[in-house]
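Colleague: I would be grateful for a close look at one part of this model, with its surroundings placed in the context of the whole. Which side chains does the fold cover there, and what covers them?

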Amino acid sequence: MVGKMRFSPIEAVSDTALSAAADALKRGELVSFPTETVYGLGGDATSNAAVAKIYAAKGRPQFNPLIAHCPDLARAKEQGVFNADAEALAAQFWPGPLTLVVPKRADASVCDLVTAGLESVALRVPANPVARQLLEKTGRPVAAPSANLSGKVSPTTARHVAEHLADKVAAILDGGACAVGLESTIVGCLDGKVYLLRPGGVPREALEAVLGRPLDLWAQNPENPNAPGQLTSHYAPNARMRLDAKHVCEGEGLLAFGPVAAGERERAAFVLNLSETGDLQEAATRLFACLRQLDETGVAAIAVQPVPTNGLGEAINDRLLRAAAPRP
Ligand code: TXA
Ligand code: MG
C-alpha cells in the first residue's frame, strides 16, 4: 500500500521519555501529558513564545487565560497569593482536580500571555503521577489547556490528542485513560470571596464542606474579561443536542443516563449510555468519549436524558449545556 507514513508522537511513559519531554518544554516546545482530569497541551509558562505556540496550536482566542500547573503547593505559592480560604482548599484537594485563581504575585515567573494580562493567576497541582514527574523534572510552571482544538471535545486518551495535535507537539506522553474525565473545578479566591468559576472534578458540596459556608455567587458574563473566558459553545460535537429529553424522536441518537425503556431503545438510531447504573462518577469519565463516539456515527441529532445536578452532576450538566449551545 502506498501511503504517507505518519510519525506518531505518542510515547510510552519511561524515565527517558519524561526527561526528553521536560527538555523539550525547556526548549520552548509543546508536550501533551495526561492529568487525572483530561490531557493537557503543555508549554513553558514562563515563556511568552512557548505560550503563544499553545494558543496557535489550539486556535484559541488570546483573551482566554491558561492554568499554570505546579508540582506542589510551595511552587504554586511562588506564583500566587494564597489567603486562608485558598490555603484550606489547597490543603484538602491538592494534588487533585482543583484549580485556584488567586492574585498573581508581583514577582511571579509566569508570563503575561498565561494570565492574558489579568492580575490573577490560575494554579493547579495535578495528582496524575506522570504529570507530577514531568512538572518536577521541568522545574518551571507549565501552562496547559486541554489538548484539543478550541471549541472541540476535551481529550481523555493519548489517541484523542494525536487526532488533532500530532504535528504540533514534541511528544504525547501516554498515561492511559484519564481517571476523572472532566476538567478541574475552578475556584476564585479573590477579595475575600470564594467563587465557583467552572464546575469540574471536585463537586461544589465538597468545597463548601471544607469552607464551612456556601460559595459566593459569581455574575456570569462572557463579555467580562475578568470572568473565565468561557465561550458559550464549547465541547461541541457536530450533531445537534437536545437536553433533558424525556423521549427519543425517530432517528435521533440517544445519550442515556441510567436504565433505558424498551420503547425508547427501539426508536433511537443507537444508544450510548453514560452510566447504566446512574453513577455520576462513571458518567463523568465517559462523557467526552461518548460525545466523540456520537460524532463518529454521523447522526444529525442527539437526545440527551436528564442527568441529576448534585455532586459531579453539576459539571456534567455544564458541559452538556455548552455542547448543546448554538454555534458561533
Ligand atoms: O482539568 C483542567 O483544568 C485541564 C487540565 C489540562 O489541567 N485544563 C484546562 O484548561 O481545562 P483550560 O485552558 O481548558 O481551562 C482553563 C480555564 C479557562 O476557562 C480560563 O478562562 C480559566 O481557566 N482561567 C484561567 N486563568 C484565569 C483567571 N486568572 N481568572 C479567571 N479564570 C481563569
Ligand atoms: Mg478546554
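Modeller: A residue is called buried under 20% relative accessible area, exposed over 50% and partly exposed in between, with a 1.4 Å probe and protein chains only. This is a predicted model, in which local features need pLDDT of at least 70 and side-chain atom pairs pLDDT 80 or more, while totals for chains, interfaces and linings use all residues. Residues are numbered from 1 along each chain, chains are lettered from A and ligands numbered from 1 in the order written, and side-chain values use heavy atoms, without hydrogens or water.

I have chosen helix α2, residues 48-58; helices (H or I, at least four residues) and strands (E, at least two) are DSSP runs numbered from the N terminus. Its buried residues are Ala-50, Val-51, Ile-54, Tyr-55, Ala-57 and Lys-58. These residues lie on the same side of α2 because they cover an arc of only 165 degrees around the axis, judged by directions from the helix axis to the C-beta atoms. Ala-49 and Ala-56, on the other side of α2, are exposed. The cover over the buried residues of α2 includes strand β3 (39-44) and helix α5 (112-115), together with strand β7 (142-143) and helix α7 (158-165). Just after α2 comes Gly-59, with a positive phi of about 65 degrees.

Two of these covering elements, β7 and α7, are joined by the loop that holds Thr-156. Thr-156 counts as buried because its relative accessibility is 5%. Leaving aside residues up to four places away in sequence, Thr-156 touches (heavy atoms within 4.5 Å) Thr-37, Val-38 and Tyr-39, then Gly-176, Ala-177, Cys-178 and Gly-181, and also Phe-288.

A charged residue may be set beside these. Arg-124 belongs to strand β6, residues 120-124, and its relative accessibility of 2% is why Arg-124 counts as buried. From Arg-124 to Ile-172 there are 48 residues in sequence and, C-alpha to C-alpha, 20 Å in space.

As for the wider setting, the protein contains eleven helices and 14 strands. Its C-alpha atoms fill a box of roughly 60 × 60 × 35 Å along the principal axes. Buried residues make up 55% of the 328 in the protein. Of the contacts between residues at least 6 apart in sequence, 68% join residues at least 24 apart. In the chosen part, then, α2 has a buried side that includes Tyr-55 and Lys-58, and Ala-49 and Ala-56 are exposed on the other side.
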